[in-house]
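Open the model in your viewer and keep the selection tool at hand. This tour goes stop by stop.

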Amino acid sequence: MAYEDYKYLLNRGYNRKPALDLVTARYNLSKKERLLLYRCTHSDKEIEEVKRKIVINPSEIAIDGYNIAITLLSAIYEDEIFLCDDGFYRDLGLGKRKNDPEIFEALILVNEYLSHKDVKSLILLDSQISKSGELASKLRKLGINVEVVNKTDKMLLLRKEVIVSNDFLILNKAEKVYDLLGEIIGNIWNIKVFKIPPT
(Lines give C-alpha, C1' and ligand atoms only; values in the text may rest on other atoms or scores of the structure.)
Protein backbone atom coordinates (compact mmCIF):
# COMPACT_ATOMS: atom_id res chain seq x y z
CA MET A 1 0.00 0.00 0.00
CA ALA A 2 2.89 2.36 0.73
CA TYR A 3 4.28 1.63 -2.74
CA GLU A 4 0.91 2.25 -4.39
CA ASP A 5 0.41 5.55 -2.57
CA TYR A 6 3.93 6.78 -3.33
CA LYS A 7 3.62 5.75 -6.95
CA TYR A 8 0.29 7.55 -7.21
CA LEU A 9 1.79 10.77 -5.87
CA LEU A 10 4.76 10.56 -8.27
CA ASN A 11 2.40 9.99 -11.20
CA ARG A 12 0.46 13.08 -10.12
CA GLY A 13 3.63 15.19 -10.29
CA TYR A 14 4.48 15.49 -6.60
CA ASN A 15 8.12 16.09 -5.72
CA ARG A 16 9.86 13.01 -4.39
CA LYS A 17 10.85 14.15 -0.90
CA PRO A 18 7.50 15.57 0.31
CA ALA A 19 5.67 12.61 -1.26
CA LEU A 20 8.06 10.19 0.46
CA ASP A 21 7.76 12.06 3.76
CA LEU A 22 3.98 11.81 3.57
CA VAL A 23 3.95 8.08 2.81
CA THR A 24 6.64 7.36 5.41
CA ALA A 25 4.57 9.07 8.10
CA ARG A 26 1.29 7.47 6.95
CA TYR A 27 2.66 3.92 7.13
CA ASN A 28 5.30 4.47 9.83
CA LEU A 29 8.03 3.13 7.53
CA SER A 30 11.45 2.16 8.80
CA LYS A 31 14.58 3.78 7.33
CA LYS A 32 15.13 0.69 5.19
CA GLU A 33 11.55 0.66 3.89
CA ARG A 34 11.77 4.37 3.11
CA LEU A 35 15.05 3.84 1.24
CA LEU A 36 13.55 0.94 -0.69
CA LEU A 37 10.66 3.09 -1.87
CA TYR A 38 13.02 5.91 -2.82
CA ARG A 39 15.41 3.72 -4.82
CA CYS A 40 12.87 1.45 -6.48
CA THR A 41 9.79 3.54 -7.22
CA HIS A 42 9.41 5.85 -10.22
CA SER A 43 6.62 7.56 -12.09
CA ASP A 44 5.23 5.85 -15.17
CA LYS A 45 6.60 8.70 -17.27
CA GLU A 46 10.12 8.28 -15.86
CA ILE A 47 10.01 4.53 -16.49
CA GLU A 48 8.84 5.02 -20.06
CA GLU A 49 11.63 7.52 -20.77
CA VAL A 50 14.36 5.27 -19.38
CA LYS A 51 13.11 2.18 -21.21
CA ARG A 52 13.10 4.17 -24.44
CA LYS A 53 16.86 4.73 -24.03
CA ILE A 54 17.83 1.07 -23.57
CA VAL A 55 20.25 -0.36 -26.14
CA ILE A 56 20.24 -4.16 -26.39
CA ASN A 57 23.60 -4.87 -28.06
CA PRO A 58 25.89 -1.84 -27.77
CA SER A 59 29.36 -1.85 -29.32
CA GLU A 60 30.92 0.67 -26.89
CA ILE A 61 29.97 1.37 -23.29
CA ALA A 62 31.11 3.49 -20.33
CA ILE A 63 30.61 1.82 -16.96
CA ASP A 64 29.82 3.31 -13.56
CA GLY A 65 32.49 1.08 -12.02
CA TYR A 66 31.82 1.13 -8.29
CA ASN A 67 28.05 1.24 -8.73
CA ILE A 68 27.96 -1.86 -10.91
CA ALA A 69 30.63 -3.79 -8.98
CA ILE A 70 28.98 -3.18 -5.60
CA THR A 71 25.57 -4.39 -6.75
CA LEU A 72 27.22 -7.40 -8.37
CA LEU A 73 29.00 -8.26 -5.11
CA SER A 74 25.71 -7.90 -3.25
CA ALA A 75 24.28 -10.52 -5.59
CA ILE A 76 27.28 -12.81 -5.18
CA TYR A 77 27.11 -12.58 -1.38
CA GLU A 78 23.33 -13.11 -1.47
CA ASP A 79 22.50 -9.74 0.03
CA GLU A 80 19.06 -8.40 -0.78
CA ILE A 81 18.74 -7.50 -4.45
CA PHE A 82 15.68 -5.69 -5.74
CA LEU A 83 14.27 -5.64 -9.26
CA CYS A 84 12.79 -2.15 -9.26
CA ASP A 85 9.73 -0.93 -11.13
CA ASP A 86 11.92 0.59 -13.87
CA GLY A 87 13.36 -2.88 -14.59
CA PHE A 88 16.84 -2.22 -13.11
CA TYR A 89 18.46 -4.17 -10.27
CA ARG A 90 19.52 -2.30 -7.14
CA ASP A 91 20.74 -3.03 -3.63
CA LEU A 92 20.31 -1.00 -0.45
CA GLY A 93 23.91 -1.15 0.68
CA LEU A 94 24.61 2.49 -0.18
CA GLY A 95 28.20 1.68 -1.04
CA LYS A 96 28.99 -0.37 2.06
CA ARG A 97 31.30 -2.54 -0.09
CA LYS A 98 33.04 0.37 -1.85
CA ASN A 99 36.35 -0.45 -0.14
CA ASP A 100 35.95 -4.21 -0.52
CA PRO A 101 39.07 -5.69 -2.20
CA GLU A 102 36.74 -7.97 -4.17
CA ILE A 103 35.61 -4.95 -6.21
CA PHE A 104 38.67 -5.88 -8.27
CA GLU A 105 37.38 -9.39 -8.97
CA ALA A 106 33.87 -8.11 -9.72
CA LEU A 107 35.21 -5.73 -12.37
CA ILE A 108 37.32 -8.50 -13.91
CA LEU A 109 34.17 -10.61 -14.12
CA VAL A 110 32.33 -7.74 -15.83
CA ASN A 111 35.20 -7.30 -18.29
CA GLU A 112 35.30 -11.02 -19.10
CA TYR A 113 31.55 -11.07 -19.73
CA LEU A 114 31.82 -8.09 -22.07
CA SER A 115 34.82 -9.58 -23.87
CA HIS A 116 32.75 -12.65 -24.72
CA LYS A 117 30.11 -10.35 -26.17
CA ASP A 118 32.79 -8.38 -28.06
CA VAL A 119 31.74 -5.13 -26.38
CA LYS A 120 34.37 -2.39 -26.02
CA SER A 121 34.21 -0.89 -22.53
CA LEU A 122 35.64 1.87 -20.36
CA ILE A 123 35.31 1.62 -16.58
CA LEU A 124 35.11 4.91 -14.67
CA LEU A 125 36.16 4.95 -11.01
CA ASP A 126 35.47 7.82 -8.63
CA SER A 127 38.68 9.39 -7.31
CA GLN A 128 36.92 10.33 -4.06
CA ILE A 129 36.81 6.67 -3.05
CA SER A 130 40.08 5.61 -1.44
CA LYS A 131 42.53 3.43 -3.39
CA SER A 132 40.79 4.09 -6.72
CA GLY A 133 44.15 4.84 -8.33
CA GLU A 134 45.61 1.59 -7.03
CA LEU A 135 42.58 -0.36 -8.25
CA ALA A 136 42.80 1.26 -11.68
CA SER A 137 46.50 0.40 -11.93
CA LYS A 138 45.83 -3.27 -11.17
CA LEU A 139 43.05 -3.41 -13.76
CA ARG A 140 45.20 -1.72 -16.43
CA LYS A 141 47.90 -4.37 -15.93
CA LEU A 142 45.29 -6.88 -17.09
CA GLY A 143 44.57 -4.83 -20.19
CA ILE A 144 41.29 -3.42 -18.86
CA ASN A 145 40.40 0.10 -20.01
CA VAL A 146 39.81 2.22 -16.89
CA GLU A 147 39.92 5.89 -15.88
CA VAL A 148 39.86 7.54 -12.47
CA VAL A 149 37.69 10.65 -12.57
CA ASN A 150 36.63 13.40 -10.21
CA LYS A 151 32.85 12.90 -10.40
CA THR A 152 31.74 9.69 -12.06
CA ASP A 153 28.15 10.73 -12.67
CA LYS A 154 29.10 13.94 -14.50
CA MET A 155 31.88 12.31 -16.49
CA LEU A 156 29.62 9.44 -17.57
CA LEU A 157 27.09 11.87 -18.97
CA LEU A 158 29.80 13.58 -21.02
CA ARG A 159 30.82 10.34 -22.72
CA LYS A 160 29.71 9.40 -26.23
CA GLU A 161 29.40 5.70 -25.35
CA VAL A 162 26.25 3.97 -24.12
CA ILE A 163 26.12 4.29 -20.32
CA VAL A 164 26.02 1.42 -17.82
CA SER A 165 24.73 2.30 -14.36
CA ASN A 166 21.82 1.50 -12.08
CA ASP A 167 21.78 4.98 -10.53
CA PHE A 168 18.43 6.36 -11.63
CA LEU A 169 19.66 9.96 -11.67
CA ILE A 170 22.27 8.94 -14.26
CA LEU A 171 19.83 6.78 -16.23
CA ASN A 172 17.36 9.65 -16.30
CA LYS A 173 19.88 12.08 -17.80
CA ALA A 174 21.70 9.70 -20.14
CA GLU A 175 20.95 9.55 -23.86
CA LYS A 176 21.45 5.78 -24.18
CA VAL A 177 21.77 3.09 -21.52
CA TYR A 178 22.65 -0.61 -21.38
CA ASP A 179 21.26 -2.87 -18.64
CA LEU A 180 24.42 -4.91 -18.08
CA LEU A 181 23.42 -5.98 -14.56
CA GLY A 182 20.08 -7.16 -15.90
CA GLU A 183 21.89 -9.54 -18.21
CA ILE A 184 24.40 -10.82 -15.68
CA ILE A 185 22.11 -11.12 -12.65
CA GLY A 186 18.96 -12.02 -14.52
CA ASN A 187 20.31 -14.51 -17.01
CA ILE A 188 23.41 -16.10 -15.49
CA TRP A 189 22.90 -16.66 -11.78
CA ASN A 190 19.90 -18.20 -10.12
CA ILE A 191 19.71 -15.80 -7.18
CA LYS A 192 16.86 -14.63 -5.02
CA VAL A 193 15.53 -11.29 -6.17
CA PHE A 194 12.78 -9.24 -4.56
CA LYS A 195 10.49 -7.49 -7.03
CA ILE A 196 9.16 -4.00 -6.52
CA PRO A 197 6.20 -3.91 -6.66
CA PRO A 198 5.71 -7.43 -5.32
CA THR A 199 3.95 -9.80 -7.74
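**Where the two domains meet**

Start at the interface of domain 1 and domain 2, where two salt bridges cross from one side to the other. Keep in mind that this is a predicted model. For one salt bridge in the structure, select K7 and D85: their closest N and O atoms are 3.1 Å apart. Now look for polar contacts over the same boundary. Five residue pairs make them across the interface of domain 1 and domain 2, both residues of each pair being at pLDDT 80 or more.

Which elements give two or more residues to the side of domain 1 that touches domain 2? Colour α1 (2-11) and α3 (31-40) to see them. Of the elements, α3 gives the most to this side, with five residues. Sort that side of domain 1 by class next: four residues are nonpolar, one is polar and three are charged.

**Step back to the domains**

Select residues 2-41 for domain 1, then 51-195 for domain 2. Their centres, taken over C-alpha atoms, are 26 Å apart. Show the contacts between them: eight residues of domain 1 touch nine residues of domain 2.

How is the size of such an interface often given? It is often given as the accessible area lost when the parts come together. Here domain 1 and domain 2 bury about 900 Å² between them. Carbon and sulfur atoms carry 59% of that area. Now pick K32, R39 and C40. These three supply 60% of the area that domain 1 buries against domain 2, more than any other three residues.

**The annotated span**

Select residues 1-53. A UniProt record, an unreviewed entry, places the feature "domain: DUF434" here. What share of the span is helix, and what share is strand? Helix takes 79% and strand 0%. Measure from end to end in the viewer: the end C-alpha atoms of residues 1-53 lie 30 Å apart.

**Back to K7**

The structure holds 10 salt bridges. Keep K7 on screen and add D44. Their side chains meet in a salt bridge, at 3.2 Å from N to O. D44 lies in helix α4 (residues 44-53) and K7 in helix α1, so this pair ties together parts that are 37 residues apart in sequence.

**Two backbone stops**

Most residues other than glycine have a negative phi, and most peptide bonds are trans. The last two stops concern these backbone features.

First, go to the loop between α2 (16-27) and α3, where N28 is found. The phi of N28 is positive, near 50 degrees, and this residue is not glycine.

Then move to the segment after β7 (194-195) and select P197. Is the peptide bond that joins I196 and P197 cis or trans? The bond between I196 and P197 is cis, with omega about 0 degrees.

Technical notes
Residues are numbered from 1 along each chain as its sequence is written. This is a predicted model: local features need pLDDT of at least 70, side-chain atom pairs count only at pLDDT 80 or more; totals for chains, interfaces and linings use all residues. Side-chain values use heavy atoms; hydrogens and water are left out. Domain bounds come from an automatic or database domain assignment. Contact means heavy atoms within 4.5 Å. Buried area is the accessible area (1.4 Å probe) that two parts lose on being put together, summed over both. A salt bridge is a side-chain nitrogen of Lys or Arg within 4 Å of a carboxyl oxygen of Asp or Glu. A polar contact is a pair of N or O atoms within 3.5 Å; within protein, one must be able to donate a hydrogen and the other to accept it, and residues adjacent in sequence count only if both atoms are side-chain atoms. Helices (H or I, at least four residues) and strands (E, at least two) are DSSP runs, numbered from the N terminus. Ala, Val, Leu, Ile, Met, Phe, Trp, Tyr, Cys and Pro count as nonpolar, Asp, Glu, Lys and Arg as charged, and the others, Gly among them, as polar. UniProt positions are given in the numbering used here, feature names are shortened, and annotations may be inferred rather than shown by experiment.
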